[in-house]
6 protein chains.
Amino acid sequence: MFSITVRDHVMVAHSFRGEVFGPAQKLHGATFVVDATFRRTHLDADNIVVDIGLATQELHAVLGRLNYRNLDDEPDFAGTNTTTEFLAKVIADRLAERAREGALGDGARGLDGITVTLHESHVAWASYERAL
Amino acid sequence: MFSITVRDHVMVAHSFRGEVFGPAQKLHGATFVVDATFRRTHLDADNIVVDIGLATQELHAVLGRLNYRNLDDEPDFAGTNTTTEFLAKVIADRLAERAREGALGDGARGLDGITVTLHESHVAWASYERAL
Amino acid sequence: MFSITVRDHVMVAHSFRGEVFGPAQKLHGATFVVDATFRRTHLDADNIVVDIGLATQELHAVLGRLNYRNLDDEPDFAGTNTTTEFLAKVIADRLAERAREGALGDGARGLDGITVTLHESHVAWASYERAL
Amino acid sequence: MFSITVRDHVMVAHSFRGEVFGPAQKLHGATFVVDATFRRTHLDADNIVVDIGLATQELHAVLGRLNYRNLDDEPDFAGTNTTTEFLAKVIADRLAERAREGALGDGARGLDGITVTLHESHVAWASYERAL
Amino acid sequence: MFSITVRDHVMVAHSFRGEVFGPAQKLHGATFVVDATFRRTHLDADNIVVDIGLATQELHAVLGRLNYRNLDDEPDFAGTNTTTEFLAKVIADRLAERAREGALGDGARGLDGITVTLHESHVAWASYERAL
Amino acid sequence: MFSITVRDHVMVAHSFRGEVFGPAQKLHGATFVVDATFRRTHLDADNIVVDIGLATQELHAVLGRLNYRNLDDEPDFAGTNTTTEFLAKVIADRLAERAREGALGDGARGLDGITVTLHESHVAWASYERAL
C-alpha cells in the first residue's frame, strides 16, 4: 500500500458544551496542524499516488472554509461540539467529496482511502481514517 | 476509525542481557517520549474518543510507576530485557487495564484499541498495538 | 553562558485590529507552544541554571492566566493587539516578575536573562528576549 | 503487533517526466529523511523485534546505493519517474531482500512486514507498506 | 529584542568542488527547510515585528529564484560552492535587499537584523545572521 | 556570523544529590539528543564553516566517551551532579579541545565559538555557549 501526506494548518476559535470539557467550555482557540494522507494500492502511470500540487491545493481550500473563524457561529456546526476528532472527520469527508468530484485529477479516482490528522499541540492529536 | 493521541515522557535506567545488545549490556538509561493512541469506530455523545484530560492523567500515572527508576531493580521485570518494544507493551497493557476498570470514564468502554509508541531518540522508536 | 528551556502550551481566542491582519481581524484562535529559556553565566551550587521543576510550574502558572480565554475580553489587554510577539513579551515579563519575587528559588536570583518563544504553527513563531 | 523504526537520510538529484510535475520536470534534488519500520507479531527470545544495530546498518547500506547520486543516470531507474512514493517501495523491497538473505539476523525471519516513509520536506512525505 | 520567524522550503541540485566534500562532489540534491527570522528592538504601531503575510510572501519569492534548479547552472553562482552556509547568506542578503526596497512594508524599515537557517536533514543545519 | 550544527545522541544513567532534584536523586537515565553548533565570522576557502564530516565524527567520538555509561561511576565526574547543563559544558569543552588539537581540520582554527544543546525530552533542553 502506498500513501502520500501533505501538511497545512488552520486557526479557529470555538467553545464546547459538556462538563467533560472543563475550562474548554469557555470560548478559546486552537492552531490545528493538519496532515492529509491519501492511500492507494497501485501507483498511477506517472508513478504517483496523487498530484501533490492538487492535494496541497485542495487541502488548503478545505481548510480555508474553516480558517480564521469562530466555529460556534458556523451554521454547518450548529449544536455540535467541534472537537479535534470531529474536525478530522469533517476535513476527511470534504476531501473525499472533492476527490469524487475530480478535483484531485482523474488519477485520484484510484485512491483507496484518506486519513486526516489534526495536531492541536505538541502533546495531543487526533485522526480520522476512511475508505474512498 | 477515530483516534486521539496524548504524549508524555519517562526517564529510566536499565541494562540488557544478550550479545545482540553490545554496549547496551552496561547500565545506561533513556528518555522515552511516549505516545498513547486510543481508537474507536464511533465518537461518544460528547463527540470525543475519550476524555483527553483523563487519558493524559492515566498515561502520566502509568509512567509514574516507571519514572526515575532503575528497571533492573523492579520485581515486575526480574529476568526480563526491558527493551523499548517490551516497554511499549507494558504501558499499553496497563492503560488497557485502567480503561477496563473505568479510569478513562464510562465512554471509554467503547474503545476498540490502544497503540503505544516509545521514542528512544530522534532516530529510533518502537510501538505496540493491541485491541481492547 | 548556560541556559535551560522548558516547554508548555496555551490555547486562546482573540481578534486583531488593523488592515495588516487581513482575515485575522475576525475572531479566531491559536495554540501557542511556549518555550521559556532561562540564562545565567555560572551554574549554582547544585550545578543547575534553575530548578527545572519550579521553572515548569511557574511557566504553567503564567500560561494558566491566559489559557482557554478570549483575550479580547481580558482587561489587561484592552485596546491591544495580542499578537504572538506581544504575548511572548507578556509571558517573559510575568516570568521575570515571578523570578524577582523568589518563585523560582533563591538560586534563580543569579539569572541573567529570559527568552520566550511562541510557536503559532509549524511554519511561524515569535520570540522576546530580555535581561533580568 | 510490535514494531521498531530507525531513521536515516539520503540526498539525491533527479528530474521527472510528465506535465503533472510542473517545475519538478527540471533537474533538482531532495533530502529524504527515511524511516524504516519493521513489524512482527511476537518478540524474539531477546525481547526485540529485530537487532536495531543491524537494522540501522542495513538501512544505511540500502541508502548508500542512492546517496549523492543523480538518479536520472542510474540504470536501475532508466525511464522511470523516481518519485518519493516509488523510492519508498525501492527501499522497502531492498530491505525485504536483505532480511530474506539473513542480513538482519536469524531472528528477523520472524518479521511480518516493513513500512518505509520518505519525508521530502516539513510538509510532504510518502510511504510504502508491504508484507514479508 | 523581538523576533518573528517564518518557514518555507526549497529543493535544488548541485555539486561541490574540493576534496573536503567527498562523495558530495558528485551531482546530488537537497531539500532545505528554510527559517527566516526578523529582529527588532521595538514593535511597530500594530504590535508586530513585520507583516507576517509579507514576510512569508517575500521568503517564498526569494526561494522561488532557487527552487527546482541545478545551482551548478546558475550564473550567479558560477565557480562557487553553493554550500548550506553560503546559501543561508544568499537568502538573508536577498531578503535584506527586499526589506530595504520596502517589500516588507514601511514598518519593516525598523528591523534590526535577519537570520536565515537552512536545515539540510534531521541531523544538520546552517545559519547566517546579519544586521539590517 | 555563520554557523553549522550537527546532531547526534547519547544514552546514560546517573543520579543526583540535593533535595532540589526530588525523585531524580534515584538512579535513572536519559537520552540526550545533542546539537553541536560551530560559529565563525567568515567562511573558509571551500565556502564552509567546518568540514561537516569531521564535525559529525568528532561529536560522535566525544559522545562515545559517555554513551552507555553510568555517569555515577565515571572518575571524571566524581562528586559532581551531571546535570544536563553541566554535560552541555563538558561536551562543548571537549569539542573545543579537539578543535584546538586540529581534529576538525586546519580551517577549523578560524572558528569563533561553539554551542552545545542537550535535549533531555520533548519539553526540556539545556545549552552551553563558549568562545574558541
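A salt bridge here is a side-chain nitrogen of Lys or Arg within 4 Å of a carboxyl oxygen of Asp or Glu. By that rule, the count between chain A and chain C is zero. The model is predicted. This briefing covers the interface of chain A and chain C, two chain pairs without contact, aromatic pairs, and the residue Asn47 in chains D and F.

**Interface of chain A and chain C**

- The two sides of this interface consist of 22 residues of chain A and 22 residues of chain C.
- The size of an interface is often given as the accessible area lost when the parts come together.
- Between chain A and chain C, about 1,800 Å² is buried, and 67% of this area is on carbon and sulfur atoms.
- Although there are zero salt bridges between chain A and chain C, seven residue pairs across the interface are in polar contact, with both residues at pLDDT 80 or more.
- Four strands of chain A each supply at least two residues of the side that touches chain C: strand 1 (2-14), strand 2 (28-40), strand 3 (69-70) and strand 4 (113-121).
- Strand 1 of chain A gives the largest share of that side, with six residues.
- By residue type, the side of chain A that touches chain C divides into 10 nonpolar, seven polar and five charged residues.

**Chain pairs without contact**

- Chain B and chain C do not touch, and 12 Å separates their nearest C-alpha atoms.
- Chain A and chain E are likewise not joined by any contact, and their closest C-alpha atoms are 12 Å apart.

**Aromatic pairs**

- Over all chains, the structure holds 18 aromatic pairs.
- One of them is the tilted pair of C:Phe16 and C:Phe21, with 4.7 Å from centre to centre and 40 degrees between the planes.
- C:Phe16 and C:Phe21 are both buried.
- Another aromatic pair, E:Phe77 with E:Phe86, is edge-to-face, with 5.9 Å from centre to centre and 85 degrees between the planes.
- Both E:Phe77 and E:Phe86 are buried.

**Asn47 in chain D**

- D:Asn47 sits in the loop between strand 2 (28-40) and helix 1 (52-64) of chain D.
- The relative accessible area of D:Asn47 is 16%, and the cut-off for buried is under 20%, so D:Asn47 counts as buried.
- Not counting residues up to four places away in sequence, D:Asn47 touches B:Thr80, B:Asn81, B:Thr83, B:Glu85 and B:Phe86.
- A polar atom of the D:Asn47 side chain lies 2.9 Å from the backbone oxygen of B:Asn81.
- Most residues other than glycine have a negative phi.
- D:Asn47 is not a glycine, yet its phi is positive, at about 75 degrees.

**Asn47 in chain F**

- F:Asn47 lies in the loop between strand 2 (28-40) and helix 1 (52-64) of chain F.
- F:Asn47 is buried because its relative accessibility is 17%, and buried means under 20%.
- F:Asn47 also has a positive phi of about 75 degrees without being a glycine.

Technical notes:
Residues are numbered from 1 along each chain as its sequence is written. Chains are lettered from A and ligands numbered from 1 in the order in which they are written. This is a predicted model: local features need pLDDT of at least 70, side-chain atom pairs count only at pLDDT 80 or more; totals for chains, interfaces and linings use all residues. Side-chain values use heavy atoms; hydrogens and water are left out. Contact means heavy atoms within 4.5 Å. Buried area is the accessible area (1.4 Å probe) that two parts lose on being put together, summed over both. A polar contact is a pair of N or O atoms within 3.5 Å; within protein, one must be able to donate a hydrogen and the other to accept it, and residues adjacent in sequence count only if both atoms are side-chain atoms. Ala, Val, Leu, Ile, Met, Phe, Trp, Tyr, Cys and Pro count as nonpolar, Asp, Glu, Lys and Arg as charged, and the others, Gly among them, as polar. Rings of Phe, Tyr and Trp (its six-membered ring) pair if their centres lie within 6.5 Å; planes under 30 degrees apart count as stacked, over 60 as edge-to-face and the rest as tilted. Buried means under 20% relative accessible area, exposed over 50%, partly exposed in between (1.4 Å probe, protein chains only).
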